[in-house]
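Biologist: I'd like to learn how to read helix packing and a few backbone oddities from a set of coordinates. Can you take me through it?

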Amino acid sequence: MELVRQWLGKAKQDILAGEALLASDPPFLYPACFHAQQAAEKYLKALLTWHQIEFPKTHAIEQLLELLKPTVRDVALSLREAVVLTPFGVDVRYPGDQPEPSMEETRQALDLARQVRDVVLPILPLKPKDGLG
């Protein structure tokens with residue numbers, strides 16, 4: 001249970017960091033998207049850890065959802081849209097062909113991360129006082 005709490009704590013920090021970066025003046029769009037991806041990834045890894053499902057070191061949201069399918073199929077299918085966050089985990093950190101995300105794309109990325117949080121947290125038997133939401 002402690003490892004699950006650690007994943008959730010780090011995921012919460014990523015959402016808060018993404019929100020702060022988006023709210024800054026000027027907003028930092030790439031880093032905000034990166035933290036959105038990281039939050040979604042960590043919420044999924046918390047759920048995998050809770051179900052004692054081993055997972056590789058990966059930033060691929062789709063791969064994590066596939067690992068969840070045999071155990072919590074409905075959850076995995078409901079979060080399918082979050083796969084669009086995967087490129088933000090690696091690609092946006094390096095120069096290249098990736099265009100700058102727009103404000104709207106950044107807002108959507110953070111919304112997706114919050115959606116993953118809102119689906120995962122009720123499944124886990126943690127008390128609200130844990131402050132992991």
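Modeller: Let's start with the pair α2 and α3. In this predicted model, they pack at an angle of about 20°, and their axes are 10 Å apart.

Biologist: How do α2 and α3 run relative to each other, parallel or antiparallel?

Modeller: The idea is to take the angle between N-to-C directions and see where it falls; under 35 degrees counts as roughly parallel. α2 and α3 are therefore roughly parallel to each other. As for handedness, α2 passes α3 in a left-handed crossing. On the α2 side the contact is made by Gln37, Ala40, Glu41, Leu44, Lys45, Leu47 and Leu48, and on the α3 side by Ile61, Leu64, Leu65, Leu67 and Leu68.

Biologist: Ile61 is on that list. Is Ile61 buried or exposed?

Modeller: For this you look at relative accessibility, and under 20% means buried. Ile61, found in helix α3, has 0% relative accessibility, so it counts as buried. Leaving out residues up to four places away in sequence, Ile61 touches Gln37, Ala40, Glu41 and Leu44, and also Ala82, Val83, Leu85 and Thr86. One more distance for your notes: Ile61 and Gly89 sit 28 residues apart in sequence, while their C-alpha atoms are 9.3 Å apart in space.

Biologist: Back to helix pairs. What does the geometry of α2 and α6 look like?

Modeller: Same recipe. Their axes come within 9 Å and cross at roughly 15°, so α2 and α6 are roughly parallel to each other. The crossing is left-handed. Among the α2 residues in this contact are Ala36, Ala40, Tyr43 and Leu44, and the α6 residues they meet include Ala109, Ala113, Val116 and Val120.

Biologist: And at what angle do α1 and α2 pack?

Modeller: About 165°, with axes 8 Å apart. Angles over 145 degrees count as roughly antiparallel, so that is how α1 and α2 are related. α1 passes α2 in a left-handed crossing. The buried residues of α1 are Val4, Leu8, Gly9, Ala11, Asp14, Ile15, Gly18 and Leu22, and they pack against α2 and α6.

Biologist: α2 keeps turning up. How many of its 22 residues are buried?

Modeller: Counting buried residues along a helix shows how far it is covered. For α2 the count is 19 of 22, so this helix is largely enclosed by the rest of the structure.

Biologist: What span should α2 have at 1.5 Å a residue?

Modeller: You compare the expected rise with the distance between the end C-alpha atoms. The 22 residues of α2 should span 32 Å, and the ends are 32 Å apart, which agrees. α1 also has 22 residues and reaches 32 Å from first C-alpha to last, close to the 32 Å expected.

Biologist: Now the core. Which residues touch the most other members of the largest nonpolar core?

Modeller: Of its 36 residues, those are Tyr43, Leu44, Leu68, Leu85, Val116 and Val120. To see where a core comes from, sort its members by helix: α1, α2, α3, α4 and α6 each supply at least two residues. α2 gives the most, with eleven residues. Take Leu85 as a case: setting aside neighbours within four places in sequence, its contacts are Ala36, Gln37, Ala40, Ile61, Ala109, Leu112 and Ala113.

Biologist: On to the backbone. What is a sensible baseline?

Modeller: Most residues other than glycine have a negative phi, and most peptide bonds are trans.

Biologist: What is phi for Gln52?

Modeller: Near 55°, a positive value in a residue other than glycine. Gln52 follows α2 and lies in the loop between α2 and α3. At 72% relative accessibility, Gln52 counts as exposed.

Biologist: And the peptide bond from Asp25 to Pro26: cis or trans?

Modeller: Read omega for that. Here omega is near 5°, and the bond is cis. Pro26 is found in the loop between α1 and α2, and Pro27 has its place in that loop too.

Biologist: What does Pro27 contact, apart from neighbours within four places in sequence?

Modeller: Leu21, Leu22 and Met103. The C-alpha atoms of Pro27 and Met103 are separated by 8.4 Å, with their positions 76 residues apart along the chain. Pro27 has 29% relative accessibility, so it counts as partly exposed.

Definitions and conventions. Residues numbered from 1 in each chain as written. Predicted model: local features only at pLDDT ≥ 70, side-chain atom pairs only at ≥ 80, totals over all residues. Heavy atoms only, no water. Core = buried A, V, L, I, M, F, W, Y, C linked by side-chain atoms within 4.5 Å. Buried < 20%, exposed > 50% of the residue type's maximum accessible area, 1.4 Å probe, protein only. Helix = DSSP H or I, 4+ residues; strand = E, 2+ residues; numbered from the N terminus. Contact = heavy atoms within 4.5 Å. Expected span 1.5 Å × (residues − 1). Axes fitted to C-alpha atoms, helices over the stretch in contact; angles between N-to-C directions. Parallel < 35°, antiparallel > 145°, perpendicular 65-115°, else oblique. Left-handed = near helix turned anticlockwise from the far one by under 90°.
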